Amino acid sequence: MSQPIIDQAVTDFTAPATSETSVTLSELKGSNIVIYFYPKDSTPGCTTEGQDFRDLYKEFQDAKTVIFGVSRDSMRAHENFKAKQSFPFELISDPDETLCKLFDVIKLKKLYGKEHMGIERSTFLIDAEGVLRKEWRKVKVKEHVAEVLAAVQAL
């Protein structure tokens, strides 16, 4: 599986998600898709980012766009996080990093002087034909979701 390239089709995938669902990219044709990768459930930045997507969810829906959050957390952690934050979208559990590797978001990170491999906060916008239209890497949470919404509305 090769990493998605702007203006090219994204490799089809199926991944397990909350609400006992699974997400298959090819089954979502006709909708725009926002996939955002975040390091960990229930941490401050990840919670804020999810809340921002939640709070603008109707605007994304109006723009025919579905949203998925992805991290390496377990399905149980995802279900708790989703319920606690009232997220109206599904979270994808990627413990074996299949999607993380597909989108090349596992990076060497530093925390308190220690290096480890982890998810670099990233967002991808895929159009209704399954083509990658925009990517945001090394995302800073503030204002990010509004920027993604503007990109969706510009499609």
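**Figure 1. A salt bridge joins E97 and R72 in this predicted model.** The closest N and O atoms of E97 and R72 are 2.6 Å apart. This pair links distant parts of the chain: E97 sits in the loop between β5 (90-93) and α4 (98-102), while R72 belongs to the loop between β4 and α3, and 25 residues separate them. Is E97 buried or exposed? With a relative accessibility of 16%, E97 counts as buried, since the cut-off for buried is under 20%. R72, at 29% relative accessibility, counts as partly exposed. As a reminder of what brings such partners together, side chains of opposite charge can pair when their charged atoms come close.

**Figure 2. Here are further salt bridges, including K107 with D104.** A search of the whole structure finds 13 salt bridges, and a few are picked out for this view. The side chains of K107 and D104 meet with an N to O distance of 3.2 Å. K107 is partly exposed at 24% relative accessibility, and D104 is partly exposed too, with a relative accessible area of 28%. Another salt bridge brings E135 together with R137, at 3.4 Å from N to O. E135 has a relative accessibility of 30% and counts as partly exposed; for R137 the value is 25%, which also makes it partly exposed. Look as well for D7, D127 and R133, which are linked in a network of salt bridges.

**Figure 3. Helix α1 has its buried residues on one side.** Helix α1 runs over residues 44-55. How far apart should the ends of its 12 residues be? At 1.5 Å a residue the expected span is 16 Å, and the end C-alpha atoms are indeed 16 Å apart, so the two values agree. The buried residues of α1 are C46, T47, E49, G50 and F53. Because they cover an arc of only 165° around the axis, they fall on the same side of the helix. On the face of α1 turned away from that buried side you will find the exposed residues P44 and D55. What covers the buried residues? The cover includes the strands β3 (32-37), β4 (65-71) and β8 (122-126), together with the helices α2 (57-62), α3 (75-85) and α5 (144-154).

**Figure 4. Q85 of helix α3 contacts T47, Q51 and R54.** The place of Q85 is in helix α3. Its relative accessibility of 11% means that Q85 counts as buried. Once neighbours within four places in sequence are left aside, Q85 is in contact with T47, Q51 and R54. T47 may look familiar from the previous view, where it appeared among the buried residues of α1.

**Figure 5. Strand β3 is covered on both faces.** Six of the six residues of β3 are buried, so the strand is largely enclosed by the rest of the structure. In a regular strand the side chains alternate between the two faces of the sheet. Which residues lie on each side of β3? One side carries N32, V34 and Y36, the other I33, I35 and F37, and all of them are buried. Strands β3 and β4 run parallel and are joined by six bridges; in β4, V70 is the bridge partner of F37. Strands β3 and β8 run antiparallel, with five bridges between them. Within β8, I126 stands opposite I33.

**Figure 6. Aromatic rings pair up, among them those of Y38 and F81.** How many aromatic pairs does a search of the whole structure find? The search finds 12. Y38 and F81 form a tilted pair, 6.1 Å from centre to centre and with 50° between the planes. These partners come from distant parts of the chain, with Y38 in the loop between β3 and α1 and F81 in helix α3, 43 residues apart. Both Y38 and F81 are buried. The rings of F103 and F124 have their centres 4.7 Å apart and their planes at 50°, so this pair is tilted as well. F103 lies in the loop between α4 and β6 (106-111) and F124 in strand β8, so the pair ties together parts that are 21 residues apart in sequence. Both F103 and F124 are buried. To finish the tour, follow the cluster that ring pairs build from Y36, Y38, F53, Y57, F60, F81, F87 and F89.

Conventions:
Residues are numbered from 1 along each chain as its sequence is written. This is a predicted model: local features need pLDDT of at least 70, side-chain atom pairs count only at pLDDT 80 or more; totals for chains, interfaces and linings use all residues. Side-chain values use heavy atoms; hydrogens and water are left out. Helices (H or I, at least four residues) and strands (E, at least two) are DSSP runs, numbered from the N terminus. The expected span of a helix is 1.5 Å times one less than its number of residues. Buried means under 20% relative accessible area, exposed over 50%, partly exposed in between (1.4 Å probe, protein chains only). The arc is that of the directions from the helix axis to the C-beta atoms. Contact means heavy atoms within 4.5 Å. A salt bridge is a side-chain nitrogen of Lys or Arg within 4 Å of a carboxyl oxygen of Asp or Glu. Two strands pair if DSSP finds at least two bridges between them. Rings of Phe, Tyr and Trp (its six-membered ring) pair if their centres lie within 6.5 Å; planes under 30 degrees apart count as stacked, over 60 as edge-to-face and the rest as tilted.
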